[in-house]
Amino acid sequence: MTTALALILMAGAVCAKPVPAQKPGEPPVVTNNVDRPETSDEAVLALKSMTMPITATPLDKLPLDKFHLPDGFKLEVYASGLANGRSLQLGDKGTLFVGSRIAGRVYAVTNQDGKRAVKIIAKGLHRPNGVAFHDGTLYVAEISKISKYPDIEAHLDQPPAPVTIYDDLPKDEAHGWKFIKVGPDNKLYVPIGAPGNNLIPPETHAQIRRMDLDGKNVEIVARGVRNTVGFDWNPATKLLTFTDNGRDWVSEELPNDELNVLTKPGQEHFGYPFCHQGNLPDPEYGWGKSCADYTAPVGLLGAHTAALGMRFYTGTQFPAQYQGGIFIAQHGSWNKTQKTGGQVVFAKLGSDGKVTSVEPFLTGFLENNELIGRPVDVQVTPDGALLVSDDLNGAIYRISYDAKHAAK
């Protein structure tokens, strides 16, 4: 028996149940403890959900002195006061659009002559985590629908009424928040997470869909995806690359979060819930299945690190070794005795497109086994800098590089 299989058998089988839908305006439903093993073990009972604030840390209280970067890089606050600010998307005129998960808001950060202002362009929405921008139009994904705001950058002070383009999405709270983006094929991509920790998902879940920008011609491009909250297209291959969060309650060290590449839209299954991290059969649903029958990840990102937003680095400001690699935000673990994640990492790729290394880049969000910040998404700017959102503090950070200050 392999070590991995022995660990999952010792952990025991845990079956997930879907979390009931939540009505707009109701308090957030805490879903992290779904399917925690029924045990009297004090170590397990001590693992509990983090409470996310719907407030923002004041600018002068942000823990910038705790954060660390490689030599030559500089960290500064790009914007603050964005309570629960998460997904990032730049507009054509330099506006940074920011979604949220529990605050119900969509923000716009303007940048004119170095002066930035934060505007709330939508509020009272139901988990508007996903934001995408294309040809002047902002797309916002809530739990069960996607809407658009035409010509939004010309109307930031008086945003147009949203136009719903697609509302055939499940209403499950568990993994119901979305990350969306327009691909190089001018299609809008939207994932639908599994409605619980670990279960046989309905045909409508654990997948990535794409559609025309008017919400028509919907198709499923990937299955077996437990919960992706970040993806991008490789600028060299044009292939969709996405993070995927591994299931809970196998063990503290298994399974890993994944980095996956879609090579055959509509034909690939990425394993959930039968196989995890490409080589780990599920203790309940893996019986009679072979991991070889599913598309394996191109990289493993650590167990319970909550790998979320990711972007290929396409700028020229950073040193050459960052060209073509991927920056990945790890939100940080909650159900581990010794927490992991809480950082931005850099994944290097080999000529075969597989990950050759995952290196810490922006660190310090985890202090004394507590998260003092939680990276969610990253965004490369036209000048080659990198923006990072932190939903625990409601801030956006800017990372730049200056060779003059790098160690000789």
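This passage describes one sheet and one disulfide in a predicted model.

In the predicted model, four strands make up an open sheet, in which the order is β21-β22-β23-β24 and the pairing is antiparallel. The edge positions are taken by β21, which covers residues 307-312, and by β24, which covers residues 355-362; each of these strands has a single partner strand, so one side of β21 and one side of β24 are left without a neighbour in the sheet. From one strand to the next, the twist averages 25°. The contact between β21 and strand β22, the latter made of residues 326-330, consists of four bridges, and the two strands run antiparallel. Within this pair of strands, Met310 has Ile328 in β22 as its bridge partner.

Apart from the sheet, the sulfur atoms of the cysteines were examined. A disulfide is a covalent bond that joins the sulfur atoms of two cysteines. With a cut-off of 2.5 Å between the sulfur atoms, the count comes to one disulfide, and this link is formed by Cys275 and Cys291, whose sulfur atoms lie 2.1 Å apart. The disulfide connects distant parts of the chain, since Cys275 belongs to strand β18 (residues 275-276), whereas Cys291 lies in the loop between β19 (280-281) and β20 (299-303), the two cysteines being 16 residues apart. The angle about the S-S bond is 105°, and the link of Cys275 and Cys291 is right-handed. As for their surroundings, both Cys275 and Cys291 are buried, a term that stands for under 20% relative accessible area.

Note on methods: Residues are numbered from 1 along each chain as its sequence is written. This is a predicted model: local features need pLDDT of at least 70, side-chain atom pairs count only at pLDDT 80 or more; totals for chains, interfaces and linings use all residues. Side-chain values use heavy atoms; hydrogens and water are left out. Two strands pair if DSSP finds at least two bridges between them. Axes are lines fitted to C-alpha atoms, for helices over the stretch in contact, and angles run from 0 to 180 degrees between N-to-C directions. Buried means under 20% relative accessible area, exposed over 50%, partly exposed in between (1.4 Å probe, protein chains only).
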